[in-house]
Amino acid sequence: MVEKLGFASGDLASCLYFGVFMNFLPIFYTDVFGLSAAALGTMILVTRTWDWINDPIMGMIADRTKSRMGKFRPWLLWVLPFWAILGVLTFTTFDLSPTGKLIYAYSTYTLLMMAYTAINVPYSALMGVMTPRSDQRTILSSFRFLGAFAGVFIVSTTLQHLVKFFGDGDEQFGYTATIAVFATASSLLFITTFVTTKERVAPPKNQKSSILKDLGAAAKNGPWRALILISVMTILWIAIRGGATIHFFKYVSGNELWGGTFLAVGSAVQLVGVMLTKQFTQVFGGKKKTFISVTLINAVFLFTFYFIPTDNFYLIMGHQAISAFMTAPLMALFWSMIADSADYGQWKLGQRTTGLIFSTGTSSMKIGWSIGPAISMYLLTYFGYQANVDQSPETVEGLKLIMSFIPAGVAVLAAGSVLFYRIDAKMEKEMEAAIAAEAKADAEMPTC
């Protein structure tokens, strides 16, 4: 239990930053820092495109790391200083020209996301080597997202209030001071993960390290290819909606603080829902069927959001609670399925590339997180959004569509993409038995 909670601390640490990126970065850059929605959309698309490209590079570097601390754990310590400092700099606003602001935003955000990659890819891969059992990985993944949702909950409930407290009317300084607090807490949590976890699963002794061979094995891994598509489509519908959530409450509902409450309600419910991931899979009949069913249910809820009166606080929050509960298992299931695809590579292809497989998992998510928010910002521009003014009826209608019909359509496509994933419960057991037998044979092999 200590190790599970320690592992969960790592995603709590990540989401003290990622909760800001996901929900508050657009409103910070448009209404506080001073970028236009169109410029921000392009910046997110450009910077996060490079971000997902370097994930597999980091995965291969982590796979080849040799230290007495393991392959993946040491990166949690090595990257921490850059992680903390760059986080604060990214959310610091200087008196610059419009061009200077763009250059500063591109530079700091790109470097911060590189630090995010360097610490989060090894952290994600750590789950693949902590235990060889598929069922235990599902539980471990649930704990991971217990930490993730807790991080988003903390950010959602505290950020706006901390900005007001530290800023005392100066939002720019308020953001800087708030992120400094989050950076300190995040660093301590990553140290906790390092101290409490262990790496137990090693590649086969006769496996030879080759970048081309690793890439070739990954390309032949059918379940892994399917998961890339699943990941992109799932994050896409979440990110399109998330990119405009605070804008919706500020300009449509008329109360920006409702946005923080909305996000907090979702995170709190997901804290409960994610711990029931195993029960979800039992009810729906396995990981694949659960992913499809839960995604389609969410599509229905997204569709109905359009018809809720925008000034009905309790109905909006009640809708969010039910919808978030059904969303909770998705990411836990995804990472458990990613670990299974790493097993598939060892079982069928004779090449275990845990770091590469997990890095492309995070990379595929970042593709969604680059395209989704960019689409959201471009849609805001299309609908005529202007920062810090009363919005036109066309813009209000556009914000309602971004929160409902548009992501609902993408969610239906995401559910369809899961049909390409071929690993079922029977295959999970076969892989687990084969890998356990291989590990036993390696242990009994004489050494010189």
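## Leu40 and its surroundings

Leu40 is buried in this predicted model: its relative accessible area is 0%, and since the cut-off for buried is under 20%, there is no doubt about the label. The residue belongs to helix H3, which covers residues 37-63. Leaving out residues up to four places away in sequence, Leu40 touches Leu25, Pro26, Tyr29, Thr30 and Met377.

If you would like a distance to check in your viewer, try Leu40 and Thr245. Their C-alpha atoms are 16 Å apart in space, while 205 residues separate them in sequence.

## Tyr29 and the nonpolar core

One of the contacts of Leu40, Tyr29, also has a list worth browsing. Beyond its neighbours within four places in sequence, Tyr29 is in contact with Gly34, Leu35, Leu40, Met43, Thr90, Ala105 and Tyr109.

Which residues touch the most other members of the largest nonpolar core? They are Phe21 and Tyr29, in a core of 137 residues. Helix H6, residues 98-130, gives the most to this core, with 16 residues.

## Ser231 in helix H10

Is Ser231 buried or exposed? With 2% relative accessibility, Ser231 counts as buried, because anything under 20% falls in that class. Its place is in helix H10, which runs over residues 222-243. Once residues up to four places away in sequence are set aside, the contacts of Ser231 are Phe334, Gly361, Ser364 and Met365.

## Helix H12

Helix H12 takes in residues 256-274 and offers a friendly bit of arithmetic. It has 19 residues, and the expected span is 1.5 Å times one less than that number. The expected value is therefore 27 Å, and the end C-alpha atoms are 27 Å apart, so the two agree.

At the start of H12, a side-chain oxygen of Asn255 comes to within 3.1 Å of the backbone nitrogen of Leu257. Further along, the buried residues of H12 include Trp258, Phe262, Leu263, Val269, Gln270 and Val274. Several glycines are on the buried list too, among them Gly259, Gly260, Gly266 and Gly273.

## Cavities

How many cavities of 30 Å³ or more are there? The count comes to 4, and the largest cavity holds about 760 Å³ of space.

The lining of the largest cavity is made up of 37 residues. Those nearest its centre are Met22, Phe149, Ile238, Gln270 and Trp369. Gln270 links back to the previous section, as one of the buried residues of H12.

Definitions and conventions: Residues numbered from 1 in each chain as written. Predicted model: local features only at pLDDT ≥ 70, side-chain atom pairs only at ≥ 80, totals over all residues. Heavy atoms only, no water. Helix = DSSP H or I, 4+ residues; strand = E, 2+ residues; numbered from the N terminus. Buried < 20%, exposed > 50% of the residue type's maximum accessible area, 1.4 Å probe, protein only. Polar contact = N/O pair within 3.5 Å; in protein donor to acceptor, adjacent residues only side chain to side chain. Contact = heavy atoms within 4.5 Å. Core = buried A, V, L, I, M, F, W, Y, C linked by side-chain atoms within 4.5 Å. 1 Å grid on protein atoms, 1.4 Å probe; cavity = no way out; pocket = protein on both sides within 12 Å on 5 of 7 lines; lining within 4 Å. Points joined across faces, edges and corners; volume = space filled by probe spheres on them.
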